[in-house]
Amino acid sequence: MNNPWQIDDLLAGLYDARKRGDLGRLAFLAYCDVRRWAREEGRQGLAELAAGLVTQSPHLSREVFLDQIDLLVKQLESLQRASEASGSGPAPAALWLGNPQLA
C-alpha cells in the first residue's frame with residue numbers, strides 16, 4: 001500500500017458515521033473515500049462495492065444499506081489485518097478509537 005495508515009482513517013470515519021447512524025456520511029465515505037482508495041490500491045472489486053452503495057439506490061431499506069456498509073467495513077478490516085500481519089504493526093487509530101478489532 002502507498003500509505004499504510006490510510007486504511008485506518010477510512011475505518012475510523014466509517015465507524016464514527018455508523019455509530020451515529022449518519023447514512024449520508026456513510027454514503028459519502030464509501031463512494032468518495034473508500035472507492036478512491038480502493039482504485040489507487042488496485043482493488044477494483046472493493047471499489048465497485050463502495051460505488052454500488054450509492055449508484056445502486058434506492059435501497060430496499062435502511063437495514064439493507066447498513067448491512068452493505070458492514071460488509072464494506074469487514075472487507076477493509078480484513079485488509080487491515082493482512083497489512084498488520086505483514087509487519088507494519090498496529091495502527092495508531094487503535095490507540096484512540098477504543099475499538100477492540102483494531103487493538
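Start by selecting R35 in this predicted model. The side chain is buried yet makes no salt bridge. Now select D33, the nearest side chain of opposite charge, and display the distance: D33 is 8.9 Å away from R35. A salt bridge requires a Lys or Arg nitrogen within 4 Å of a carboxyl oxygen, so R35 and D33 do not qualify.

Keep R35 on screen and colour helix 2, residues 23-40, which is where R35 sits. What is R35 in contact with, once neighbours within four places in sequence are set aside? Show A30, A47, A50 and A51; these are the residues in contact with R35 on that count.

Next come the charged pairs that do meet. There are 3 salt bridges in the structure.

**Stop 1: E40 and R36**

Stay on helix 2 and select E40 and R36. Their side chains meet in a salt bridge, with an N to O distance of 3.3 Å. Both residues belong to helix 2 and are 4 residues apart, about one turn of the helix. Add a surface to see how far each is covered. E40 has a relative accessible area of 46%, which makes E40 partly exposed. R36, at 36% relative accessibility, also counts as partly exposed. R35, by contrast, is buried.

**Stop 2: R20 and D16**

Move to helix 1, residues 6-20, and select R20 and D16, which both lie in that helix. How far apart are the closest N and O atoms of the R20 and D16 salt bridge? The distance is 3.0 Å. In sequence, R20 and D16 are 4 residues apart, about one turn of the helix. The two partners fall into separate accessibility classes: R20 counts as exposed because its relative accessibility is 63%, and 63% is over the 50% cut-off. D16, with a relative accessible area of 37%, is partly exposed.

**Stop 3: R18 and D70**

Stay with helix 1 for one end of the next pair, and select R18 together with D70. Which parts of the chain does this pair tie together? R18 forms a salt bridge with D70, and their closest N and O atoms are 2.9 Å apart. R18 lies in helix 1 and D70 in helix 4, residues 62-88, so the pair ties together parts that are 52 residues apart in sequence. With the surface on, R18 counts as partly exposed at 32% relative accessibility, and D70 counts as partly exposed at 25%.

To finish, return to R35 and show the three pairs alongside. R35 remains a buried residue with no salt bridge.

Definitions and conventions
Residues numbered from 1 in each chain as written. Predicted model: local features only at pLDDT ≥ 70, side-chain atom pairs only at ≥ 80, totals over all residues. Heavy atoms only, no water. Helix = DSSP H or I, 4+ residues; strand = E, 2+ residues; numbered from the N terminus. Buried < 20%, exposed > 50% of the residue type's maximum accessible area, 1.4 Å probe, protein only. Lys, Arg positive; Asp, Glu negative; His and termini not counted. Contact = heavy atoms within 4.5 Å.
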